[in-house]
Amino acid sequence: MTCDDCGQPATVHTLEVVGGTKQEIHLCRACADKRNLIPAGKSPNLPAVVQKIATSVSVLPMDMAKIRCPDCGLSYMEFRKHGRLGCPNDYLVFRQALLPILDRIHRGTHHTGKQPAKDCRIEKPDEIYRLRCQLRQAVLQEDFEQAAKFRDLIRERETRP
Amino acid sequence: MNLDEFATRNGEWLGGSGPDSDIVISSRLRVARNLADFQFCTRATESERREIEAILKRCATSIKLAEPLEYVDVASLSQLDRLFLVERQLISREHANGTGCRGAAITAREDISLMFNEEDHLRIQCIRSGYSIRQCWEVVDRIDDMIEEQVRYAFSEEFGYLTACPTNVGTGIRASVMLHLPALAMTKQIDRVFRALQKIQLAVRGLYGEGSQASGDFYQISNNITLGKTESEILGNIEQVVPQIVQYERSARTKLVEESRETLHDRVSRAYGILRTAQTISSEETMHLLSSVRMGVNLDLIEGLGIETINDLFIHTQPAHLQKLEGQLLESEERNVARARYLRSRLANAPESNN
């Protein structure tokens, strides 16, 4: 298999989910570096503890390296590099990889504290949340006609009593 | 909100009142919250940040509190004003140095402050003088409820309140108690205390949070864990150790007085003397000397000088405060001269050290 960008033998293989369709990407090491797909050894101003733990948890489900959040576009490798998540949905998308990290940080993985009075669990997303995700996707794909449509739908829902 | 007016007075948390305030300077608690419908701040676009801030600003200024929250546009403040808010513990250093649309909402008493678009969309903080961490939680909990009525928080059944950094997920709570521990430091017992704290997952930091030096013998003790325990259990963990540390510090002070009263009195008096006469003095030296004087006041080695005056001097000799009081930007050397002048003027009419 050859690198998508330069034709050299590919050593980095990832899967991106763009607009609901999967896209396989094959790159050589140098091109993967250029695209920022390989976690750097260290980088400043990070929550060092998360980064350290994230890189030390080696029993990573193989697919995790290929996963990107369909909502915010964050890849697991980017999380590993920066120690910060991109959107609430990342907790569901990267759940398997996060569990051992959370256990290491908190010595616990299940919330037992305060609950919001109303049901706002992301496990049950509401319509506006879905629309916002679709809006982001449309903007990313520069489909501004679709984006305007989603924006208007969101406004309409928000002003509804 | 007029920040120049702020500079002439003090927040409630520096009042030197409240339980155990000879040793516990203040109690502070914050929760981190995010809106479900937006990406976290690090990935949000500038227009999303503006939208997030507009929503939270509207919520914050509409909720009914004994004292209203006043909005501050942090992004448009001068660097000096931002640093000033950091010194007063009203915003974090990260928030001051951040980029893009961001703000805060603060009460006039400075006991409650909200940050918008810091690492998380919303941070709600309450800070009180003395040992009153439960009261801080009650205040934050209530404000959190009032804001939740108006927005949809990012919440998961499994992981609780979702935050940009996994170190805050769950309760999103960070409770910290700031202690003045000069006697434990002087008698070299402090490291032992810290080792014990780390074993029960509590963190120890300096005066201005993460990575800051413990200058002036001030130490902040806070929880590390936010997930898997209830808010009450997290507070309970802190409540279990703070009274003990306060007790250790008191015994260490008593022992110092009993065993080496002269040495201690000499140290306190010299510190007081330097503060009253120095012509140029760094922030670090000021903190160090004020720490001795503060203990001297608590042990009646100096009479007629109130704890609130000392607390006041701690904050007003910080770089941004000093520059605000002087009404101009000053280089480090100029600040040292201005600081010494300020200390002399504040302590000129103060009584002599006890004999």
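Which residue has its charged end over the ring of F150(A)? In this predicted model, that residue is K149(A), whose charged end sits 5.6 Å from the centre of the ring of F150(A). A comparable arrangement in chain B involves K57(B), which lies over the face of Y71(B) at 4.2 Å from the ring centre.

Y71(B) leads on to the pairing of aromatic rings. A pair of aromatic rings is described by the distance of the centres and the angle of the planes. Over all chains, a search of the whole structure finds eight aromatic pairs. One of them joins Y71(B) and F116(B), whose ring centres are 6.4 Å apart and whose planes meet at 15°, so the pair is stacked, given that planes under 30 degrees apart count as such. Because Y71(B) belongs to strand β2 (residues 70-72) of chain B and F116(B) to strand β4 (residues 112-116) of chain B, this pair ties together parts that are 45 residues apart in sequence. The two partners can also be described by their accessibility: Y71(B), at 21% relative accessibility, counts as partly exposed, whereas F116(B), at 0%, counts as buried.

The rings of F218(B) and F314(B) form an aromatic pair that is edge-to-face, with 4.7 Å from centre to centre and 75° between the planes. Here a strand is joined to a helix, because F218(B) lies in β10 (residues 218-223) of chain B and F314(B) in α10 (residues 307-316) of chain B, so the pair ties together parts that are 96 residues apart in sequence. F218(B) counts as buried at 4% relative accessibility, and F314(B) is buried as well, with a relative accessible area of 6%. In chain A, ring pairs link Y76(A), F79(A) and F94(A) into a cluster.

Burial can also be followed along a single helix. In helix α7 (residues 190-199) of chain B, the buried residues are I190(B), V193(B), F194(B) and L197(B). Seen down the axis of α7(B), these buried residues fall within an arc of 95°, so they line one face of the helix. The spacing has a general background: an α-helix has 3.6 residues a turn, so residues three or four places apart point the same way. On the other side of α7(B), the residues R192(B), R195(B) and K199(B) are exposed.

The empty spaces complete the picture, beginning with the second largest pocket, which holds about 710 Å³ of space. Its lining consists of 30 residues, and those that lie nearest its centre are L135(A), R136(A), V139(A), Q39(B) and E48(B). At least two lining residues each are supplied by β1 (12-18), α6 (127-140) and α7 (144-159) of chain A, together with α2 (46-62) of chain B. Among these elements, α7(A) gives the largest share of the lining, namely seven residues. In character, the lining of this pocket divides into 13 nonpolar, five polar and 12 charged residues.

As for enclosed spaces, the count comes to three cavities of 30 Å³ or more. The second largest cavity has a volume of about 50 Å³, and the residues that line this cavity are Q201(B), L202(B), N223(B), N224(B), I225(B), K229(B), I234(B) and N237(B). The lining of the second largest cavity divides into three nonpolar residues, four polar residues and one charged residue.

Definitions and conventions:
Residues are numbered from 1 along each chain as its sequence is written. Chains are lettered from A and ligands numbered from 1 in the order in which they are written. This is a predicted model: local features need pLDDT of at least 70, side-chain atom pairs count only at pLDDT 80 or more; totals for chains, interfaces and linings use all residues. Side-chain values use heavy atoms; hydrogens and water are left out. On a 1 Å grid over the protein atoms alone, a cavity is a set of points where a 1.4 Å probe fits but cannot get out, and a pocket is an open set with protein on both sides within 12 Å along at least five of seven lines; lining residues have an atom within 4 Å of a point. Grid points are joined across faces, edges and corners, and a volume is the space filled by probe spheres set on the points. Helices (H or I, at least four residues) and strands (E, at least two) are DSSP runs, numbered from the N terminus. Ala, Val, Leu, Ile, Met, Phe, Trp, Tyr, Cys and Pro count as nonpolar, Asp, Glu, Lys and Arg as charged, and the others, Gly among them, as polar. Rings of Phe, Tyr and Trp (its six-membered ring) pair if their centres lie within 6.5 Å; planes under 30 degrees apart count as stacked, over 60 as edge-to-face and the rest as tilted. Buried means under 20% relative accessible area, exposed over 50%, partly exposed in between (1.4 Å probe, protein chains only). A charge sits over a ring if NZ of Lys or CZ of Arg is within 6 Å of the ring centre and within 35 degrees of the ring normal. The arc is that of the directions from the helix axis to the C-beta atoms.
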